[in-house]
Amino acid sequence: MELRDYLRVIRRRWLLIVSCVLVVVGVAAAVTFTATPIYQSTARLFVSTPDQRGDSAYQGSLFSIQRVASYAELASDRELARRVIKDLGLDLEPEALADKVTATVKPETVILEIQVTDPDPKRAQKLAQTLAEEVADYIAEIETPPGRANAPIKASLVGTATVPNSPISPQPVRNLGLGLVLGLLLGLGLAVLRELLDTSVKGPADIAEITETPVLGGILFDSQAPKRPLLTQLDSHSPRVEAFRILRTNLQFVDVDQDKKVIVFTSSVPGEGKTSTATNIALALHTAGQRTLLIDADMRRPQLAKLFDLEPAVGLTTVLLGRIDLADAIQVHADSGLAVLASGNLPPNPAELLQSQAMKVLLEEVREDYDVVVLDAPPLLPVTDAAIIASQVDGAVIVVRQGKTTRDQFGHSLERLEAVGARSLGVAMNMVPAKRRQGGYSYGGYGYGGYGYGYAPEGRRRKKS
């Protein structure tokens, strides 16, 4: 991945990154502000060899430096901890006290620093002071040779241990800063991982990697689409209407030398919006003055009769079974005037009906009567219906739900069409997130990276604002 790829991931997954930062910083804040404050008191011992002069003094100094490192280990000894507990009358186990003690030697010196931590600052001071005194006495005991009264080395307290004014732990600034950094790293890592694992189609570039089939247009996601699914229910200058006009224009350049077209709209899997796309492109073609027929060829989950408030019992199946003439089965939508052939009653054998001779005759008849015939077919992968229909018409437009349809699903859909000798006329990107309006995508090669912005007349825009 290049820098540009990472920037695109950040722009696309910024919500995940921000969520990780907020969660990690929140955890760090919770741990920080609920933790018990810990105070640290320090006592200092100066280790020396008394009564040494000249060369002996130099040798004594080296001897002190060598020995002081060993005394640092003694400071956390269990025996010294027992003595301190006895001196202060504490109700504490020696191991617990030893865990509070840290002893360090300043480099190139004979100064031993003893730090003791405790939630109570005054008790931390008493523990450090008493422990330092016990260490000094203990050094004198173990360094005094048998039969002699004085030790050749001495540990002296340097001042007294001070009462700490502020806790050493927790440290809010440090903890929150680390939480911010860790949150960013975690968020970026998860964003990159999710991007690498995400095989969904994110835009025309992904389509171009799989096939040379052109992207004919992109339909902006509209949360109000379930309530107002038809273009006739929208303002004439709304972004969805403009998007379908662009799709209609690009679709007219497919097989430009052919006056009359029969096109099937399908998708890879259910839920990609192939019915709404087929319906609204038919409405867009009809409003442009073209004689258009919309056929519900989905004999498994038909929706057009309900969508247009038509009689569901009369439709494609009744015509194919010879129970009614085609002209009598076609219904007209009251609001738009669009000619619609509903699916009719659900048959037990949709695939057999669709590849029957009656279906071929019907397609030839509607081609003669209409400029454009749009068929809403089932998805390609679950059933074979759409591939059968596509092999009998001019080709198929595959509806791809951006960010949902996977590249494998789209690729297998193309294979289904190729297997029956059907053409893939183009791809319609559906449910394009609103944030992609500024992504610079170019649908159909026309540079409509800004589709969906809306371009209503000035007067109307002022009225809305």
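**A tour of the largest pocket**

Begin by selecting helix 10, which, with five residues, contributes the most to the lining of the largest pocket. Keep in mind as you go that what you have open is a predicted model.

Next, widen the selection to the other elements that give two or more residues to this lining: besides helix 10 (274–287), they are strand 5 (215–220), helix 9 (239–252), helix 11 (304–308) and strand 12 (424–432). The space that the pocket holds comes to about 720 Å³, and 31 residues line it. If you colour the lining by class, you will find 14 nonpolar, eight polar and nine charged residues.

Which residues lie nearest the centre of the largest pocket? Select Gly-273, Lys-274, Thr-275, Ser-276 and Gln-303, and you will have them on screen.

From this group, pick out Lys-274, which is found in helix 10. Is Lys-274 buried or exposed? Its relative accessible area is 8%, and because this is under the 20% cut-off, Lys-274 counts as buried.

Now show the side chain of Lys-274 and follow its polar contacts. One goes to the side chain of Thr-275, at 3.4 Å, while the side chain of Lys-274 also reaches the backbone oxygen of Ala-377, at 2.8 Å.

Finally, display the residues around Lys-274, leaving aside those up to four places away in sequence: Lys-274 touches Phe-265, Thr-266 and Ser-267, then Asp-298, then the run Asp-376, Ala-377, Pro-378 and Pro-379, and also Val-399. Ala-377 thus appears twice on this stop, as a residue that Lys-274 touches and as the one whose backbone oxygen its side chain reaches.

Definitions and conventions
Residues are numbered from 1 along each chain as its sequence is written. This is a predicted model: local features need pLDDT of at least 70, side-chain atom pairs count only at pLDDT 80 or more; totals for chains, interfaces and linings use all residues. Side-chain values use heavy atoms; hydrogens and water are left out. On a 1 Å grid over the protein atoms alone, a cavity is a set of points where a 1.4 Å probe fits but cannot get out, and a pocket is an open set with protein on both sides within 12 Å along at least five of seven lines; lining residues have an atom within 4 Å of a point. Grid points are joined across faces, edges and corners, and a volume is the space filled by probe spheres set on the points. Helices (H or I, at least four residues) and strands (E, at least two) are DSSP runs, numbered from the N terminus. Ala, Val, Leu, Ile, Met, Phe, Trp, Tyr, Cys and Pro count as nonpolar, Asp, Glu, Lys and Arg as charged, and the others, Gly among them, as polar. Buried means under 20% relative accessible area, exposed over 50%, partly exposed in between (1.4 Å probe, protein chains only). A polar contact is a pair of N or O atoms within 3.5 Å; within protein, one must be able to donate a hydrogen and the other to accept it, and residues adjacent in sequence count only if both atoms are side-chain atoms. Contact means heavy atoms within 4.5 Å.
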